[in-house]
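User: Please take one residue of this model and look at it closely. Then work outwards from there and explain each term as you go.

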Amino acid sequence: MVPEIDVVSFKKRLDARAEGKDDFFVLDVRNPNEQQIALVPGTDKLIPVSELAARIEEIKSQIDKEILVYCRSGGRSGMACGILAQAGFKSYKNVAGGTLAYSDLVDPSMQKY
């Protein structure tokens, strides 16, 4: 079972990080065209889940931080958490519901697709 964080808690943590009160890394595992439609403010890196295993070195410097991973609905980010685990990352969470839930519960102005 992949650890999860709900979008409301995710937003609270993003706000705390912006104030210097929290430290973690936000990974978007959607495709670049999806990020052009809807982007969670505070995203640190975009690596499509299909490329994550091959590009894991790009985020190895974050291995000691908690990684919060999101996609459109939570499926791909759940798979990405498995890839992170296999690569030796110890602290990661799937943002449950992805951008769809974020739009519903946090920011209704975020475009759905």
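Analyst: **A residue and its surroundings**

Asn-31 is partly exposed, with a relative accessible area of 31%. On this scale, buried means under 20% relative accessible area, exposed means over 50%, and partly exposed lies in between (1.4 Å probe, protein chains only). The model is predicted: local features need pLDDT of at least 70 and side-chain atom pairs count only at pLDDT 80 or more, while totals for chains, interfaces and linings use all residues. Residues are numbered from 1 along each chain as its sequence is written, and side-chain values use heavy atoms, with hydrogens and water left out.

Asn-31 sits in the loop between strand 2 and helix 2. Helices (H or I, at least four residues) and strands (E, at least two) are DSSP runs, numbered from the N terminus. Once its neighbours within four places in sequence are set aside, Asn-31 is in contact with Pro-48 and Arg-76. Contact here means heavy atoms within 4.5 Å. Along the chain, 20 residues separate Asn-31 from Glu-51, and their C-alpha atoms are 9.8 Å apart.

On the strand side of this loop is Asp-28, which lies in strand 2. Asp-28 has a relative accessible area of 0%, so it is buried. Its side chain makes a polar contact of 3.3 Å with that of Tyr-70. A polar contact is a pair of N or O atoms within 3.5 Å; within protein, one must be able to donate a hydrogen and the other to accept it, and residues adjacent in sequence count only if both atoms are side-chain atoms. Not counting residues up to four places away in sequence, Asp-28 touches Gln-35, Leu-39, Thr-43, Lys-45, Leu-46, Ile-47 and Tyr-70.

Strand 2 covers residues 25–28, and Asp-23 is in the loop between helix 1 (7–18) and this strand. Asp-23 counts as partly exposed because its relative accessibility is 49%. The side chains of Asp-23 and Lys-65 are joined by a polar contact of 3.2 Å. Asp-23 and Arg-13 are 10 residues apart in sequence, with a C-alpha to C-alpha distance of 8.7 Å.

After helix 2 (32–37), the loop that leads to strand 3 (45–46) holds Val-40. Val-40 counts as buried, at 1% relative accessibility. Outside four places in sequence, its contacts are Phe-10, Leu-14, Tyr-70, Thr-99, Tyr-102 and Met-110. Tyr-70 is thus a contact of Val-40 and also of Asp-28. The C-alpha atoms of Val-40 and Asp-107 are 9.3 Å apart, although their positions lie 67 residues apart along the chain.

Thr-99 and Tyr-102 are among the buried residues of helix 5 (residues 98–105), together with Gly-98, Ala-101 and Ser-103. These buried residues of helix 5 pack against helix 1, strand 4 (67–70) and strand 5.

Strand 5 covers residues 92–95 and includes Asn-94. With a relative accessible area of 3%, Asn-94 is buried. Beyond its close sequence neighbours (four places), Asn-94 is in contact with Val-2, Pro-3, Glu-4, Ile-5, Val-69, Gly-74, Ser-77, Gly-78 and Cys-81. One of these, Val-2, lies in the segment before strand 1 (4–5). Val-2 is partly exposed, at 30% relative accessibility. Leaving out neighbours within four places, Val-2 is in contact with Gly-78, Cys-81 and Asn-94.

The whole chain can now be put around these parts. There are 5 helices and 5 strands, and from the N terminus they run β-α-β-α-β-α-β-α-β-α. The radius of gyration is 13 Å, close to the 13 Å that the globule rule gives for 113 residues, so the chain is as compact as a globular protein of that length. This radius is taken over C-alpha atoms, and the rule is 2.2 Å times the number of residues to the power 0.38. The C-alpha atoms fill a box of roughly 35 × 30 × 25 Å, taken along the principal axes. Of the 113 residues, 42% count as buried. Among contacts between residues at least 6 apart in sequence, 63% join residues at least 24 apart.
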